[in-house]
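Welcome! Please take a moment to look over the sequence and the 3D structure before reading on.

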Amino acid sequence: ECRINDVWESAQLLASTGSIVDWYSGYLLQYPNNTLLTVFFAAIIYINQKIGIFSLNNVIYLVIVLQCIISSIVCFLTYKIVSELKSKNWGFASWILYVMLLGFSPWLVIPYSDSVGLFFPTVVLYLYMIIEKKNNHKWIINFLIMFISYIGYKIKPQTFVLFIAIVIVSVITFILNIKNANYKLVFRNTIVPMFAGLILGFIMVSFAYKSTDINFNKDRQVGMTHYLMLGLNNETDGVYSASDVAYSMQFDTYDERCKGNLSMIKKRLKEYGASGLALHLVKKTLVNFSDGTYSWGAEGEFYSETYADINSVVAPYLKSLVYNDGSRFHISSSIYQMIWIGILISMLGCSIGRKKEKIDVITVMMLGIIGITAFVMLFEARARYLYTFVPLYIMLAVLSFSNISRRYMKLCQYFRNNKLD
């Protein structure tokens, strides 16, 4: 469940009192994956209190500014990656797409894991891309890849998919070149620094969890089987279900809960049958991929409080574009939708004409997209869960379009040379 207010109010309470009351801790006990994000926001609020940038009532704007900075960094790295793989012109094309689809996205003003999590996949991909150019500093880059991936996993679990893709490609590359492998260098530059990055990340996360004063109890948590069960809910097309949450929480222990979830999963698969499951997956595909706004306003506690216009021109105009019931929302949402569908279609040619020396990076991107697709199709369906991977979709779409256009130009040149045009 998208409990944005719980995370934000927990962070405010933690920053001001150093602990979290039972009502909020109950949410984090059930969904501990939001704990690190809560501590991160609490740290921002605490620093603001000491420096005095914003008043306590307006400190949320500081988080929004930081999320905009994160988005700007990711936008620049999107441009850099495509420029390195193709050219600066195509890099600029990816920059334009990013600005149009994510730069103006209203999700940037929501203090939650989506806008923060946007940082991790693209930064990790960029580090992986430059690793071959830094022969003397591979260990530092591998350390950062592991550390950033682990922190990303603790803030937005699905961002770890890209690290898995890197591991798969790296292992395959190592096996293919095993005869020429230098085991000492692999151990020194890859295994040791990644292990160190994992240890440092684990220590930092442990301290963050401890700072909340919450006595985390595994028997209060829901596991992956719960989200797999959610993903098979026919009534909600795999989206969040309050009845499924109630079903999971009726069990006293974590192990009993997992067994109960598995029992429900088997029951639902049996009821579906092959054809029923296929139809369900089609519905989930539409839920996940058919919304260019990434379910903006469709979940969480949106519009629980609306504020009076502070002016008579700009404020009502922006509300009409951003609010789901705004008079111009159909215009903005249609623009997002056209761009998003265009990106998905353009990606179809991403494997055409790839240069051999660039295959690893693009393969990692493709595996990352396959991984996040498998994630939202297997587990709980949410268009919002794709948000952190949208830069990868943009990069692959631009690279694909450049490949297609290059092949088209070659075809035209062939016809001209043979006088068939």
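Here is a short tour of some features, grouped by topic.

Please keep in mind that this is a predicted model. The tour takes in a nonpolar patch on the surface made by seven named residues, including Phe-92 and Met-338, a nonpolar core of 99 residues, and two residues other than glycine with positive phi values, Asp-237 and Ser-295.

**The nonpolar surface patch**

- Phe-92, Trp-95, Ile-96, Met-100, Ile-331, Ile-335 and Met-338 together make a nonpolar patch of about 640 Å² on the surface.
- Two elements each give two or more residues to this patch: helix 5 (88–103) and helix 15 (329–346).
- Helix 5 provides the largest share, with four residues.
- Met-100, one of the patch residues, sits in helix 5.
- Met-100 has a relative accessibility of 37%, so Met-100 counts as partly exposed, since that class lies between 20% and 50%.

**The nonpolar cores**

- The largest nonpolar core holds 99 residues, and the members that touch the most others are Phe-41, Leu-125, Ile-145 and Tyr-393.
- Leaving aside residues up to four places away in sequence, Ile-145 is in contact with Val-124, Leu-127, Tyr-128, Phe-163, Ile-166 and Met-194.
- Another core lies apart from the largest one and has five residues, among them Met-229, Leu-232, Met-264 and Ile-265.

**Helix 8 and its neighbours**

- Helix 8 covers residues 138–155, which makes 18 residues.
- From its first C-alpha to its last, helix 8 reaches 26 Å, close to the 26 Å expected at 1.5 Å a residue.
- Ile-145 is one of the buried residues of helix 8, and others on that list include Ile-141, Asn-142, Met-146, Phe-147, Tyr-150, Gly-152 and Ile-155.
- The buried residues of helix 8 pack against five helices: helix 3 (35–51), helix 6 (113–117), helix 7 (119–130), helix 9 (160–176) and helix 10 (183–210).

**Positive phi in two loops**

- Asp-237 is not a glycine, yet its phi is positive, near 60°.
- You can find Asp-237 in the loop between helix 11 (224–230) and helix 12 (242–249).
- With 24% relative accessibility, Asp-237 counts as partly exposed.
- Ser-295 also has a positive phi, of about 60°, without being a glycine.
- Look for Ser-295 in the loop that runs between helix 13 (254–289) and helix 14 (314–322).
- Ser-295 counts as buried because its relative accessible area is 15%, and buried means under 20%.

Methods
Residues numbered from 1 in each chain as written. Predicted model: local features only at pLDDT ≥ 70, side-chain atom pairs only at ≥ 80, totals over all residues. Heavy atoms only, no water. Patch = residues over 30% accessible without salt bridge, like charges linked within 9 Å, V, L, I, M, F, W, Y side chains within 5 Å. Areas by Shrake-Rupley, 256 points an atom, 1.4 Å probe, with all protein chains shown as cover. Salt bridge = Lys/Arg side-chain N within 4 Å of Asp/Glu carboxyl O. Buried < 20%, exposed > 50% of the residue type's maximum accessible area, 1.4 Å probe, protein only. Core = buried A, V, L, I, M, F, W, Y, C linked by side-chain atoms within 4.5 Å. Contact = heavy atoms within 4.5 Å. Expected span 1.5 Å × (residues − 1).
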